[in-house]
Amino acid sequence: MDLGKFADIIQGGMGVAVSNWRLAREVAQKGKIGVVSGTALDCVLARRLQMGDPGGHVGRAMNAFPWPDMAKRLWDRYFVPGGKPEDKPFKPVPMPTVVLHKPHVELLLVANFVEVFLAKEGHEGTVGINYLEKIQIPTLPSLLGAMLAGVNVVMMGAGIPAGIPGSLDRLANWEEAELKIQVESSQGTDSLVQNFAPREFVPADLPTLVRPDFFAIISSDIVAKTLARKASGTVEGFVVEYHTAGGHNAPPRRSRGDGSTLARQAYGDIDLPDIAKIRELGKPFWLGGGYASPEAIAAAKAQGATGVQIGTAFALCEESGIEPEIRRAMIRNCLAGMLTVHTDFAASPTGYPFKLASFDAAEPLPDRCRVCDLGYLRRPWRTDDGRIVYRCPSEPIEKYLKKGGTAEETIGRQCLCNGLMATIGLAQVRGGGLEAPMLTMGEDLSFLRQMLKGGRQSYTASELIDYLDGKAPSASSSGTAS
Ligand SMILES: Cc1cc2nc3c(=O)[nH]c(=O)nc-3n(C[C@H](O)[C@H](O)[C@H](O)COP(=O)(O)O)c2cc1C
């Protein structure tokens with residue numbers, strides 16, 4: 001394998017639509033790897049259309065979709081000229097189910113196509129898409145949608161994505177792909193096979209597809225080795241994420257200590273990946289979690305890494321999908337020493353630790369009436385009489401209990417789906433108010449002082465990349481108000 005084929009900086013995938021097409025495009029144009037988040041793009045597309053598609057970008061991309069009738073059906077369903085009234089809720093989108101239904105598949109195909117198409121528009125740079133292994137159900141049609149737009153790299157973390165490389169091989173040839181979906185029941189965990197035959201969902205004129213590279217996002221050399229040897233197809237590279245990184249983190253190893261809750265909720269040396277072992281696999285790898293400085297990048301390369309993956313520093317730049325007012329408040333609070341980031345072991349319904357950022361650690365997260373109407377983190381549950389139902393520990397508690405859940409599993413859970421939609425300015429209207437945003441950041445925010453020298457209040461992705469490349473900051477019109 002040509003280890004030198006890839007750029008040294010990956011702008012990490014950040015859901016939901018924090019790493020949107022605008023950010024990824026900017027990064028790719030600078031010669032680095034720009035990554036769009038593939039999480040919940042069906043809902044993002046439907047809501048952007050209901051906001052009136054400002055700038056006409058979504059419409060332009062939909063016009064380039066290979067099957068105009070499919071795009072038109074979605075346009076007619078969701079587009080609201082001039083945008084919906086502020087106090088009117090967004091229309092629902094189909095909730096993910098193991099059996100794939102045509103209206104949902106069409107929405108996933110178009111939404112993933114649109115995000116990648118826009119990120120790749122007008123340049124030859126490298127664009128990736130990021131998915132979470134924990135969100136299994138929409139993955140296969142999403143991959144196909146991204147491939148229709150020529151995505152260069154697929155990246156997946158938050159689990160062990162052993163089935164994805166083989167699915168990419170099959171989808172690239174328009175063959176049926178399958179994915180094992182985890183199902184829980186009172187007997188334990190087993191799985192269901194989801195089949196996706198792409199030809200059943202699209203007209204006969206099939207464009208030629210290119211199989212994208214696949215990078216697995218992992219936190220342990222053992223998982224890297226397993227994937228390199230046993231995944232269903234080739235893994236072209238690894239992103240090695242430390243537990244300081246933003247978003248979800250791999251859970252601490254349970255074998256440590258006495259197995260008490262306290263031991264399970266703290267990281268130690270045992271959780272650090274053995275980089276020498278990852279290097280021995282002979283594949284390109286990038287290190288992630290606190291690497292946003294030229295010195296840290298040099299240190300990663302000295303360990304044999306191709307480079308680094310950076311999230312937080314891109315999440316706070318002008319092109320990020322975070323609602324500008326929230327982004328500005330985060331920067332202000334951080335500079336004032338008021339922003340705290342902590343690993344929350346309960347918030348995410350996935351059960352994985354999640355980095356929560358807040359302006360005042362003493363302040364509890366806003367109380368929200370429990371509603372599960374997006375459902376990306378619902379998991380299939382097999383009832384004792386053999387039916388499949390879907391449940392999420394942050395849904396209304398009585399509903400969760402009826403589906404075999406325990407009250408303990410619901411404690412401290414947050415609705416990431418609705419919270420993260422609010423962070424990017426697509427909050428659902430509920431009971432006369434808006435869903436509250438939820439913020440995630442990595443632990444290292446030291447890059448901010450470098451980027452905001454001389455009293456500047458913001459920076460662009462391009463300026464960040466210049467800083468990371470060790471170049472002097474270029475004169476720029478930005479930095480005062482965005
Ligand atoms: C706002 C935000 C959202 C993120 N969402 C995802 C995600 O959806 N999928 C993923 O694999 N990683 C996600 N991450 C992790 C980043 O891709 C990246 O690996 C990580 O932020 C690197 O650490 P750093 O933040 O210290 O630079 C997210 C990070 C942030 C800050």
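Contact here means heavy atoms within 4.5 Å. With that in hand, welcome to a set of close-up views of a predicted model.

**Figure 1. Helices H1 and H5 meet through residues from both sides.** Trp21, Ala24 and Arg25 of H1 are in contact with Glu115, Leu118 and Ala119 of H5. Sorted by class, this contact has 4 nonpolar and 2 charged residues, with no polar ones. The axis of H1 (residues 21–29) comes within 7 Å of the axis of H5, and the two cross at roughly 35 degrees. The crossing of H1 with H5 is right-handed.

**Figure 2. Two phenylalanines of helix H5 form a stacked pair.** A pair of aromatic rings is described by the distance of the centres and the angle of the planes. For Phe113 and Phe117, the centres are 5.6 Å apart and the planes make an angle of 20 degrees, so the pair counts as stacked, being under the 30 degrees cut-off. Both residues belong to H5 (residues 102–120), and they are 4 residues apart, about one turn of the helix. Are the two partners buried or partly exposed? Phe113 has a relative accessibility of 3% and therefore counts as buried, whereas Phe117, at 22%, counts as partly exposed. The cut-off for buried is under 20%.

**Figure 3. An aromatic cluster takes in the stacked pair.** Phe113 and Phe117 join Phe65, Trp67 and Trp174 in one aromatic cluster. For context, the model has a count of 11 aromatic pairs. One cluster member, Trp174, is found in the loop between helix H7 (164–172) and strand S5 (177–185). The backbone of Trp174 deserves a look too: its phi is near 60 degrees, a positive value in a residue other than glycine. Trp174 counts as buried because its relative accessible area is 6%.

**Figure 4. Two charged side chains lie over aromatic rings.** Which residue lies over the face of tryptophan 381? That residue is arginine 391, at 3.9 Å from the ring centre. In the other example, lysine 84 lies over the face of phenylalanine 90, and here the distance from the ring centre is 4.6 Å.

**Figure 5. Helix H18 is mostly covered.** How many of the 8 residues of H18 are buried? The count for H18 (residues 461–468) is 8 of 8. The buried residues are Ala461, Ser462, Glu463, Leu464, Ile465, Asp466, Tyr467 and Leu468. Their cover includes strands S1 (9–11) and S10 (307–310). Helices contribute as well, among them H1, H11 (294–302), H12 (312–315) and H17 (447–451). Just after H18 comes glycine 470, with a positive phi of about 80 degrees.

**Figure 6. A cis peptide bond links glycine 15 to valine 16.** Omega for this bond is near -5 degrees. Valine 16 sits in the loop between S1 and H1. Both of those elements also appear in the cover of H18.

**Figure 7. Alanine 40 has a positive phi.** The value is about 60 degrees, although alanine 40 is not a glycine. Where is alanine 40 placed? Alanine 40 lies in the loop between strand S2 (33–37) and helix H2 (41–50). Its relative accessibility is 6%, which means that alanine 40 counts as buried.

Technical notes: Residues numbered from 1 in each chain as written. Predicted model: local features only at pLDDT ≥ 70, side-chain atom pairs only at ≥ 80, totals over all residues. Heavy atoms only, no water. Phe/Tyr/Trp six-rings, centres within 6.5 Å; stacked < 30°, edge-to-face > 60°. Buried < 20%, exposed > 50% of the residue type's maximum accessible area, 1.4 Å probe, protein only. Lys NZ or Arg CZ within 6 Å of the ring centre and 35° of its normal. Axes fitted to C-alpha atoms, helices over the stretch in contact; angles between N-to-C directions. Left-handed = near helix turned anticlockwise from the far one by under 90°. Nonpolar A, V, L, I, M, F, W, Y, C, P; charged D, E, K, R; others polar.
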